[in-house]
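Work through the exercises below with the model open. Try each task before you read its solution.

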Protein chains: 2
Amino acid sequence: MRRLFLFRSSPKSKNDLKLIRFIIKKFGHRPKKLVLFKIALTHKSISNASDKLISNERLEFLGDTILDAIIADFLFHKFPEEDEGYLTKVKSKMVSRKTLTTIAQSMGIADHIVYQTGRSIRLATLEGNAFEALIGAIYIDSGYEAAKKSIFHSVLRAHLDLPTLLEKEIDFKSRLYIWTQKSHLDIEFKLITEKFADGKWFYEVEVFINSNPYGKGTGDSKKVAEQAASKETLQLMGAI
Amino acid sequence: MRRLFLFRSSPKSKNDLKLIRFIIKKFGHRPKKLVLFKIALTHKSISNASDKLISNERLEFLGDTILDAIIADFLFHKFPEEDEGYLTKVKSKMVSRKTLTTIAQSMGIADHIVYQTGRSIRLATLEGNAFEALIGAIYIDSGYEAAKKSIFHSVLRAHLDLPTLLEKEIDFKSRLYIWTQKSHLDIEFKLITEKFADGKWFYEVEVFINSNPYGKGTGDSKKVAEQAASKETLQLMGAI
């Protein structure tokens, strides 16, 4: 990071104080080197070409991996009975572009991003990237444990609705497969109804485990019906 | 991790002592909870189905992300002038399956892996996975900083030839493009010679930067010739 002096200013400006308050409030972290957080919030559109490195891209690269490790730790301990297939799946949902954007928006990061307006820039992309860069900044500023504490105690608690994420995003059919494999049970999806009426398709699927009927589900595609039947089966089994 | 008691044994057996010595010698880490390291070295082939969770897969899931974060930190500081595109590229080479297997083989991890023989298991895959699981074990045993210290001071220093990896694996044409973009220079690859003689093709390529000739390269394909010309240009420029 060359030419950091561009960012140095002393005494602290009004904007600096606003930024410090924001980081403390949303991340539970008191910045030591404020310049790191300014860089984390600087989109490359603002730096002219020769200052290319003074943008948040390098911190985003770092923060992305730190966040991944922290979330893996979180899930490893939260789900001690689940195998690595399940953990991988949930992690990929938690660190997806979509989830990161939701978190960043909930935190109000956009208000603090410095970028050049008038270009065709999608703010949603900027927000998720700036969020990752801020995690990178905390890591450089105070180390891994500080970043972990921030994620565990501030970010996940206040800005991620994990139950809804799990409920919504996890594919029930896959979970059911994993669950039945673990328990050595045979599983079969039977198509009970397939009809076209009133201009749309209707499907009804029933799950059989060791030849016994369990959950049923309906939908306008076989896939939707299978998901619903899988969910009901998992509920009947007490697995969710 | 249920039923860990299966792994507990006291006083320490000869095998335990051998394992402790191995972890200290190769990872520079003294195990606190030896059971974690035993799990990290247990392939799923050995656990019967109901004990599925007592294998190294969950630790491998965790260790994979920890290793990624530590390598990102390493590169972030090692290459302060490189952009995130370069860092991403080098990281992906350093944590590739191929590199991890090479490291694991150099460390002699295979001798300590517990797996069921007689099945069609590729030992090379097991080694890289066990290496990641061992990083996960150090992380759970003593935290992130301990894992980082192990990677920085023991693993990378003794078991990874980074210069050769960079030299061999990095695509010189891409590096040259990145370099010229950063420096706002125009770049052009000119095909000087293309001929078929003695049953094979011969290509000669010359690099022009801001219309001035720089490196030349030859090869039996245009791609090989371009790589060689790019490498020579980077050398002439003092960029490598």
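Contact means heavy atoms within 4.5 Å. The model is predicted: local features need pLDDT of at least 70, side-chain atom pairs count only at pLDDT 80 or more, and totals for chains, interfaces and linings use all residues. Side-chain values use heavy atoms, without hydrogens and water.

**Exercise 1. A core residue**

Task: Find which residues Ile109(B) is in contact with, leaving aside its neighbours within four places in sequence.

Solution.
- Step 1. In chain B, the partners of Ile109(B) include Phe22(B), Phe27(B), Leu41(B) and Ala104(B).
- Step 2. Glu127(B), Ala130(B), Phe131(B) and Leu134(B) are also in contact with Ile109(B).
- Step 3. Now place Ile109(B) in the largest nonpolar core, which has 111 residues. Such a core is a set of buried Ala, Val, Leu, Ile, Met, Phe, Trp, Tyr and Cys residues joined through side-chain atoms within 4.5 Å. Buried means under 20% relative accessible area (1.4 Å probe, protein chains only).
- Step 4. Among the residues with the most contacts inside this core are Ile109(B), Phe27(B) and Phe131(B). Ile109(A), Phe27(A) and Phe131(A) are also listed there.

**Exercise 2. The sheet**

Task: Give the strand order of the open sheet in chain A.

Solution.
- Step 1. List the elements: chain A has 10 helices and 3 strands. These are DSSP runs numbered from the N terminus (helices H or I, at least four residues; strands E, at least two).
- Step 2. The order is E1-E2-E3, with antiparallel pairing. Two strands pair if DSSP finds at least two bridges between them.
- Step 3. Strands E1 (187–197) and E3 (212–219) of chain A are the edges, each pairing on one side only.
- Step 4. Strand E2 (residues 200–209) of chain A shares 6 bridges with E3(A). Opposite Lys216(A) in E3(A) stands Glu206(A).
- Step 5. Add a helix: H10 (residues 222–237) of chain A packs on the sheet and touches E1, E2 and E3 of chain A.

**Exercise 3. The two chains**

Task: What turn lays chain B on chain A?

Solution.
- Step 1. A turn of 180 degrees does it, with a shift of 0.0 Å along the axis and an RMSD of 0.2 Å. Copies are superposed by least squares on the C-alpha atoms of residues with pLDDT of at least 70 in both.
- Step 2. That is the relation of a two-fold axis.
- Step 3. At the interface, 32 residues of chain B are in contact with 33 residues of chain A.
- Step 4. 100% of the interface residues of chain B are also interface residues in chain A, so the copies meet through the same surface.

Methods:
Residues are numbered from 1 along each chain as its sequence is written. Chains are lettered from A and ligands numbered from 1 in the order in which they are written. Axes are lines fitted to C-alpha atoms, for helices over the stretch in contact, and angles run from 0 to 180 degrees between N-to-C directions. Buried means under 20% relative accessible area, exposed over 50%, partly exposed in between (1.4 Å probe, protein chains only).
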